Amino acid sequence: GEWQRLLAKAVLDEPQGQCLCRGGAQPLPMSIAKAGNVFAFKRMPYSGPQHHRRCDSHGLDLRAFRQANRLPAIRATPGDGLDVKLGVPLSSRVATGAGDPSDGGVDVQHAGLGTSRDEISLLGFMHLVWELAGLNRSSPIPSAAPEKRKLGQVYRAVEEVLSEISVGGRPGSSLVYVPTSDLRPEAQVAKREALGERYRSLQGKAAAGEKPIVILMAEALRLFKSKHGYGLSLKGMPDPVWLNTDRCARLTRSWPGAARSLEMGDGKPAQQDSRVLVIAGIQLSHSGGLNWMYGSLMPTTSDFI
């Protein structure tokens, strides 16, 4: 009878877990997120400061942050959250004439941005997320020896921040995709399905004649040349992002050092003392390919700082 009761509760009730990072103190509730067949624990919104400083779910107090940063592009929202206005389009008009096939048949220049509010750059948005996630610090405790960060911890910290802020009034978690570091075949399939589902959801809300743009955050692995242009492999992503020649040239011209560290596809391993993070706006082609619309590179140390 007790087993039946617990089983029914697990199936019928909303799944929830607890974080035991505070030792003997009251356990903190955690939500369980599902992407395909992959499950992950996520902290509850705005609970970051309540977690232990050495816990993966620890985060900055958004109330303290918004009091110290009164930028028009970053505004306070009800419930002690933050809303960010990005200086890049989140959709594009479908081109009527023949265009570059690698562009997905769209013209990103025609997307209206509006001028009623200051905007934060794409790279500035990534800096903001990094700060809110506490990834700009070597160690939460000054007296403690810094520990080697793993990519999975970084991805989880970023995703938790995105669940607590909004972009242009829309939940950041619905506009920004962060993969997991799980490379198992079933996990890669689940990530491909999750990204496609998110894109289709945005497409259903887009205006007639427009295609949505998903913001992608991940660590870059390799930039390589292909017969159709260039490809950018990202750690944790099952498929590369494709760039045409002009957009690749613009990227390498803007961040020459970071682009060189990716070795331009000559088969050599990337530098071990540094990492390169990517934030990019992408669109899905009819065949499911990922097309680069715009983006920035962010070099970090080997500990993602």
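Buried residues account for 43% of the 305 residues in the protein, as seen in this predicted model. The accessible surface comes to about 16100 Å², and carbon and sulfur atoms contribute 53% of that area. The secondary structure consists of 8 helices and 16 strands. Among contacts with a separation of 6 or more, 60% are between residues 24 or more positions apart.

A good place to start looking inside is the largest nonpolar core, which has 66 residues. The members that touch the most other members are Phe125, Trp130, Val158, Met217, Leu232 and Leu234. Helix α3 (residues 122–132) gives the most to this core, supplying 8 residues. For readers who wish to follow one side chain through the model, tryptophan 130 is a helpful guide. Leaving aside residues up to four places away in sequence, tryptophan 130 touches Leu135, Asn136, Val154, Val158, Leu277, Met298 and Phe304.

Turning to charged side chains, a search of the whole structure finds 9 salt bridges. In general, side chains of opposite charge can pair when their charged atoms come close. One of the salt bridges joins glutamate 119 to lysine 85, with the closest N and O atoms 3.8 Å apart. Glutamate 119 sits in the loop between β7 (106–107) and α3, and lysine 85 in the loop between β5 (81–84) and β6 (91–94), so the pair ties together parts that are 34 residues apart in sequence. The two partners also differ in burial: lysine 85 is buried, because its relative accessible area is 16% and the limit for burial is under 20%, whereas glutamate 119 is partly exposed at 33%.

A second salt bridge brings together the side chains of glutamate 210 and arginine 93, at 3.3 Å from N to O. This pair links distant parts of the chain, with glutamate 210 in strand β11 (residues 210–212) and arginine 93 in strand β6, 117 residues apart. Glutamate 210 counts as buried, at 18% relative accessibility, while arginine 93 counts as partly exposed, at 41%.

Arginine 275 and glutamate 219 form another salt bridge, in which the closest N and O atoms are 3.1 Å apart. Here, too, distant parts of the chain are linked: arginine 275 belongs to strand β15 (residues 274–284) and glutamate 219 to strand β12 (residues 214–226), with their positions 56 residues apart in sequence. Glutamate 219 has a relative accessibility of 2% and therefore counts as buried. Elsewhere, salt bridges that share partners join Arg43, Glu160 and Glu164 into one network.

Among the strands, 4 form an open sheet of mixed pairing, in the order β4-β5-β8-β9. The edges are taken by β4 (74–77) and β9 (170–171); each has a single partner strand, so one side of each is left without a neighbour in the sheet. The pairing of β4 with β5 is antiparallel and runs over 4 bridges. In one of these, alanine 76 has leucine 82 of β5 as its bridge partner.

Finally, the surface also carries nonpolar side chains. Ile32, Phe39 and Phe41 make a nonpolar surface patch of about 300 Å². Of these residues, isoleucine 32 is placed in strand β2 (residues 28–35), and its relative accessibility of 30% makes it count as partly exposed.

How values were computed: Residues are numbered from 1 along each chain as its sequence is written. This is a predicted model: local features need pLDDT of at least 70, side-chain atom pairs count only at pLDDT 80 or more; totals for chains, interfaces and linings use all residues. Side-chain values use heavy atoms; hydrogens and water are left out. Patches are made of residues with over 30% relative accessible area and no salt bridge: like charges are joined within 9 Å, nonpolar side chains (Val, Leu, Ile, Met, Phe, Trp, Tyr) within 5 Å. Accessible areas come from the Shrake-Rupley method with a 1.4 Å probe; for residues, only the protein chains shown count as cover. A salt bridge is a side-chain nitrogen of Lys or Arg within 4 Å of a carboxyl oxygen of Asp or Glu. Helices (H or I, at least four residues) and strands (E, at least two) are DSSP runs, numbered from the N terminus. Buried means under 20% relative accessible area, exposed over 50%, partly exposed in between (1.4 Å probe, protein chains only). Contact means heavy atoms within 4.5 Å. A nonpolar core is a set of buried Ala, Val, Leu, Ile, Met, Phe, Trp, Tyr and Cys residues joined through side-chain atoms within 4.5 Å. Two strands pair if DSSP finds at least two bridges between them.
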